[in-house]
Structure formats: C-alpha cells, structure tokens
Number of protein chains: 2
Amino acid sequence: MSDQHSPLRAKRRAETQRVIQAHAVRLFTERGYDATTVTDVAEAAGVSPMTVYRHFPTKEDLVLVDQHARLVAERIVASSAAQPLVRRIGGALIDSAAMLTGGGHGDNLTADRRFLLARLRLMISTPALRAKHLDNHYALQQAIVDALGNDAADSDAAFRAQVAASACLAALHTALVRWAEDDGRTELPDVIAKALAAAFGDDIVEPTGGVNTSEPIGRAERR
Amino acid sequence: MSDQHSPLRAKRRAETQRVIQAHAVRLFTERGYDATTVTDVAEAAGVSPMTVYRHFPTKEDLVLVDQHARLVAERIVASSAAQPLVRRIGGALIDSAAMLTGGGHGDNLTADRRFLLARLRLMISTPALRAKHLDNHYALQQAIVDALGNDAADSDAAFRAQVAASACLAALHTALVRWAEDDGRTELPDVIAKALAAAFGDDIVEPTGGVNTSEPIGRAERR
DNA sequence: CTCGTTTTGATAGTGACTACCAATATGATA
DNA sequence: TATCATATTGGTAGTCACTATCAAAACGAG
C-alpha cells in the first residue's frame with residue numbers, strides 16, 4: 001500500500017516500527033514478556049495502543065519479525081540441484097546466517113547483534129514466543145521445499161524433501177539456542193555448520209574433505 | 001490430589017475430561033477452531049465454562065493432550081548407550097508410535113485411531129495448535145536429552161544430543177503430517193522409520209542391513 | 001447418615017485483539 | 001503556496017481467552 005507509492009512514507013513507517021519494536025524488546029527483557037502489556041509498549045514508544053497493533057498484528061510479532069524466509073529460499077533456488085538435499089538446505093541456512101550476523105558495518109554490527117541476541121533470548125525463554133517461532137520455522141520449511149523445486153508428482157521425493165528441510169531447521173534452531181547461550185561470542189554460521197555435521201555426518205556439510213571434527217576453523221565463506 | 005486417594009473419583013474425573021474433549025474436537029472440526037468458543041464447548045458438553053478451564057488449562061489443551069513424552073523417555077533410558085544417538089532416539093519414537101496406534105483391541109482401535117487422526121488434522125491445520133504442538137515437541141526434546149544421560153560436563157556431547165533429538169523429532173513431525181495426509185491408512189511406525197531413513201540414511205534405522213530403500217515391509221517390531 | 005473432600009458454578013476482572021469511525025498529518029499537485 | 005487525496009493515527013466499544021475468589025452442591029468414606 002504505502003511502500004509502492006511513496007518511498008518517504010515507507011521510511012517513516014519503518015522508523016516508527018523500529019522505535020516501537022526497540023521499546024518492546026527492552027520492556028520485555030526488563031519486566032518479562034507476560035508482565036508487559038501492549039499498552040505499556042505503546043506508552044513507552046509514545047504512541048497509542050492502536051498504532052502498535054497496526055504495525056504489529058500480534059504481541060508476539062513485536063519480537064519475531066522474520067524476513068529470513070525469503071533470504072533462505074533465494075539461496076536454495078540458486079544452489080545446484082545435483083547436491084544432496086541436506087547440503088543444499090544447510091548451505092543456504094549457513095549463508096543466510098552469515099548475512100544476518102555479519103551484515104553490519106563497524107559499531108553498528110555490535111548493536112545489531114546485541115538486539116538480535118536479545119530477541120533470540122526472549123524467543124527461547126518465553127513459551128508463547130518460542131511456539132510461534134517454531135511455527136514460523138514450519139512455514140519456512142514449506143518455503144524451502146517449494147524452492148527445492150521437486151516434482152510434485154513424485155510424492156516420495158516430496159516427502160524426503162520435507163524430512164530434509166524439517167531436520168535441517170531443527171538443527172538450525174538448536175544452533176541458535178547454543179549461540180544465544182554463548183552470548184553470540186562464537187560465529188553463528190560455524191555453530192550451524194557444527195549442528196548440521198552432528199546431525200548428518202561431518203562429510204555432508206563441507207565437501208572439501210576436512211578432517212577437523214569438532215571445531216571448524218575457517219570462515220563460513222562458501223560458494 | 002484426587003488420583004491418589006480415591007480411584008473412583010479419578011475415574012469420574014477422567015470420564016468428564018473425555019466427554020469434554022470429544023465434544024471439543026467435534027465442534028472444532030465442524031465449525032473450525034477459532035470460530036468455536038470455549039463456552040460453546042462447555043455448552044455442548046453440558047458443563048459450565050469454569051469446569052472446562054479446570055480440566056484443560058488452555059483452549060489448545062483441548063486438542064493437545066500428550067503424555068507421549070513419558071513413553072518416549074522411558075524407552076530412551078532402556079535403550080543401549082552403545083548405539084548411535086539417532087538410532088536410540090528413532091527406535092524410541094517408532095516403538096512409542098507403535099504403542100499409541102496399535103494399542104487398541106478390535107473395534108476400539110478404529111475409533112481411537114479416528115479420534116487421533118481428527119486431533120492431528122486440527123493440530124496441523126490450525127496455526128495456534130500447530131505452534132503449541134511444536135513447542136511441546138521442544139519440551140519433549142529436552143526430556144529426550146535428559147533421558148540420554150550424557151555427562152553434563154561435556155558440553156559438546158550435550159550439543160550433539162540436542163541436535164540429534166531435535167532432528168529426530170522434526171522427522172517425526174513430518175511423518176505425522178504424512179500419516180494424517182494418508183488418513184492413517186499406512187502404518188505410522190513405518191512412516192516414521194521411512195522419515196528417519198530419509199534424514200539420516202537407510203542404514204541408521206534398521207541395523208539388520210536390508211536393501212529395501214523405499215518401502216519397509218516388516219512390522220515395526222524391534223528389539 | 002453425616003462429614004470432609006472434591007467438584008462445580010457464578011461473578012467480576014484483566015488483557016489481547018478487532019471492528020468502526022473520526023481526526024490529523026503528509027506528500028504531491030494546481 | 002494553497003489544496004486535495006491518502007496514509008496514518010486515535011478513540012470507543014465489544015468479543016474472547018483466561019484468572020482470581022467465594023459459595024454451593026455432589027459424592028465417597030466412615
């Protein structure tokens with residue numbers, strides 16, 4: 001609606017969303033998610049509760065904004081169909097994570113990463129947020145399967161694609177939890193690669209047959 | 001509280017729970033989950049809304065009663081620690097599924113299976129239910145990791161256990177979806193075995209090295 | 001048959017969320 | 001610059017899930 005006609009309005013809109021979300025995550029972290037009402041968030045952000053609901057359809061969305069899906073799907077379709085499924089998916093997940101955590105410049109990187117960590121911690125510790133986040137992963141799974149572009153006719157291949165995608169996303173989620181527990185000190189793509197290796201074997205994630213089982217050393221620079 | 005002192009009261013209580021849940025699943029299936037209020041369920045079951053909330057803490061629990069966790073955890077601790085992680089977990093999941101779907105006798109089997117399928121379909125198609133169900137799986141994952149009994153000291157082994165458990169449960173969920181899509185015509189343990197094989201390789205699920213890749217024929221009678 | 005416990009019910013309240021409608025701000029145009 | 005279409009915001013009232021709190025009723029055990 002707005003981002004089509006006027007880029008100025010879109011920018012203003014994105015800014016208010018950012019402000020609201022920042023106050024929300026701060027309050028949720030300080031007082032707890034359930035103890036904080038949407039009205040509290042609105043007050044802190046200096047807007048009315050209606051405005052909050054207009055920008056974020058549910059209270060959970062104040063924490064769970066994910067455009068992650070598009071990123072991953074694009075990398076899936078760009079990957080070679082000759083590779084095994086888990087490698088195609090795993091590679092896309094690692095690359096997307098590298099893009100998310102390494103995208104900032106200079107000091108912004110730290111702030112962005114801290115904000116991402118704060119949201120992640122909320123997601124993990126709050127049941128309602130965790131549930132909706134896992135369901136978002138389920139939607140991402142469907143997007144991945146679609147992006148893999150298998151024949152819809154071969155239902156057996158479709159099933160294998162579903163299994164591969166769900167298992168890879170499960171590994172991703174476990175990696176995210178681990179990363180949050182480490183306060184983001186480790187490199188997220190490395191943790192994801194480690195999780196994928198633990199699930200599917202060390203040979204599946206790195207085609208260039210390295211022998212390092214526990215600690216991948218190199219940068220997560222692939223393709 | 002009640003199930004300790006008087007078995008008669010426990011039986012009455014279980015019966016009312018069963019009645020309420022049956023009406024709930026029926027109404028949810030007929031009118032849709034969101035379009036059915038808890039008051040509607042209470043009316044249909046002939047009780048007050050308060051009584052519904054006393055037996056089922058949330059509306060979602062009217063569909064999602066799972067004691068599945070205990071079953072799986074028991075089989076995990078009973079499994080041999082010498083086997084690889086995914087085999088221990090996968091075997092427990094398959095056995096528990098066999099117990100859930102094959103437990104009935106005679107005609108009861110059909111009714112129970114139909115009820116299970118109805119709940120499963122609701123779980124898959126309703127976002128709120130799907131989210132909470134996936135979160136239940138997350139709790140089950142923790143139970144599995146605990147049951148595996150790894151050293152809490154070795155954080156790397158703990159991480160591998162988390163990854164293995166989450167990936168196995170992801171495969172289980174995909175299998176459940178597939179089973180529901182087939183209207184329960186296939187054998188659930190076989191579908192789960194197939195999903196695990198698709199995720200981790202055909203050799204991991206059946207130690208007796210069969211060569212049948214696609215369709216496991218034998219009963220899921222293991223150990 | 002009575003007593004203590006369990007179960008149930010009614011009332012009032014909170015908070016997330018959704019219409020619906022009015023007011024305001026804003027960017028583009030005459 | 002003044003105006004206009006439109007985007008954005010705010011207020012009101014209402015629904016529904018869910019939670020106290022307290023009283024009434026049912027029920028098994030003595």
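Visitor: What makes the approach of Ser48(B) to a phosphate oxygen of DNA strand C a polar contact?
Guide: In this predicted model, a polar side-chain atom of Ser48(B) is 3.0 Å from that oxygen. The cut-off for a pair of N or O atoms is 3.5 Å, so the pair counts as a polar contact.

Visitor: Which other side chain of chain B has a polar atom by a phosphate oxygen of DNA strand C?
Guide: His55(B) has one, at 2.9 Å. That value also falls within 3.5 Å, and therefore the pair qualifies.

Visitor: Which residue has a side-chain N or O atom 2.8 Å from a base nitrogen of DNA strand C?
Guide: That residue is Arg54(B). The contact counts because 2.8 Å is within 3.5 Å.

Visitor: How many residues surround DNA strand C, and which are the closest?
Guide: There are 23, and the closest are Arg9(A), Lys59(A), Thr51(B), Arg54(B) and His55(B). Of the atoms of DNA strand C that come within 4 Å of the protein, 65% belong to sugar and phosphate. Helix H4(B) gives the largest share of this surface, four residues.

Visitor: How do you know which atoms of the protein reach a phosphate oxygen of DNA strand D?
Guide: The distances show it. A polar side-chain atom of Ser48(A) lies 2.9 Å from such an oxygen, and one of His55(A) lies 2.8 Å from such an oxygen. For Val38(B) the atom is a backbone N or O, at 3.3 Å. The limit is 3.5 Å, so the Val38(B) pair also counts as a polar contact.

Visitor: Which classes of residue make up the surface near DNA strand D?
Guide: Seven are nonpolar, nine polar and five charged. The largest share, four residues, comes from H4(A).

Visitor: How many aromatic pairs are there over all chains?
Guide: With ring centres required to lie within 6.5 Å, the count is three. One of them is Phe28(A) with Tyr33(A), where the centres are 4.8 Å apart and the planes stand at 65°.

Visitor: Why is the pair of Phe28(A) and Tyr33(A) called edge-to-face?
Guide: Planes over 60 degrees apart earn that name, and 65° is over it, so the pair is edge-to-face. In chain B, Phe28(B) and Tyr33(B) also have centres 4.8 Å apart and planes at 65°, and therefore make an edge-to-face pair.

Visitor: Are Phe28(B) and Tyr33(B) buried or exposed?
Guide: Buried means under 20% relative accessible area. Phe28(B) has 1%, so Phe28(B) is buried. Tyr33(B) has 7%, so Tyr33(B) is buried as well.

Visitor: What makes the charged end of Lys59(A) count as sitting over the ring of Tyr33(A)?
Guide: One part of the test is distance: NZ must be within 6 Å of the ring centre, and the charged end is 4.4 Å from it. The direction must also be within 35 degrees of the ring normal. Lys59(B) sits over the ring of Tyr33(B), again at 4.4 Å from the centre.

Visitor: Why is Thr36(A) called buried?
Guide: Its relative accessible area is 0%, which is under 20%, so Thr36(A) is buried. Thr36(A) belongs to the loop between H2 and helix H3 (38–45) of chain A. Residues that Thr36(A) touches include Phe28(A) and Lys59(A).

Visitor: What does the side chain of Thr36(A) reach?
Guide: The backbone oxygen of Gly32(A), at 2.7 Å. This is a polar contact, because 2.7 Å is within 3.5 Å.

Key:
Residues numbered from 1 in each chain as written. Chains lettered and ligands numbered in written order. Predicted model: local features only at pLDDT ≥ 70, side-chain atom pairs only at ≥ 80, totals over all residues. Heavy atoms only, no water. Phe/Tyr/Trp six-rings, centres within 6.5 Å; stacked < 30°, edge-to-face > 60°. Buried < 20%, exposed > 50% of the residue type's maximum accessible area, 1.4 Å probe, protein only. Polar contact = N/O pair within 3.5 Å; in protein donor to acceptor, adjacent residues only side chain to side chain. Helix = DSSP H or I, 4+ residues; strand = E, 2+ residues; numbered from the N terminus. Nonpolar A, V, L, I, M, F, W, Y, C, P; charged D, E, K, R; others polar. Contact = heavy atoms within 4.5 Å. Near = heavy atom within 4 Å. Lists of a residue's contacts leave out its neighbours within four places in sequence.
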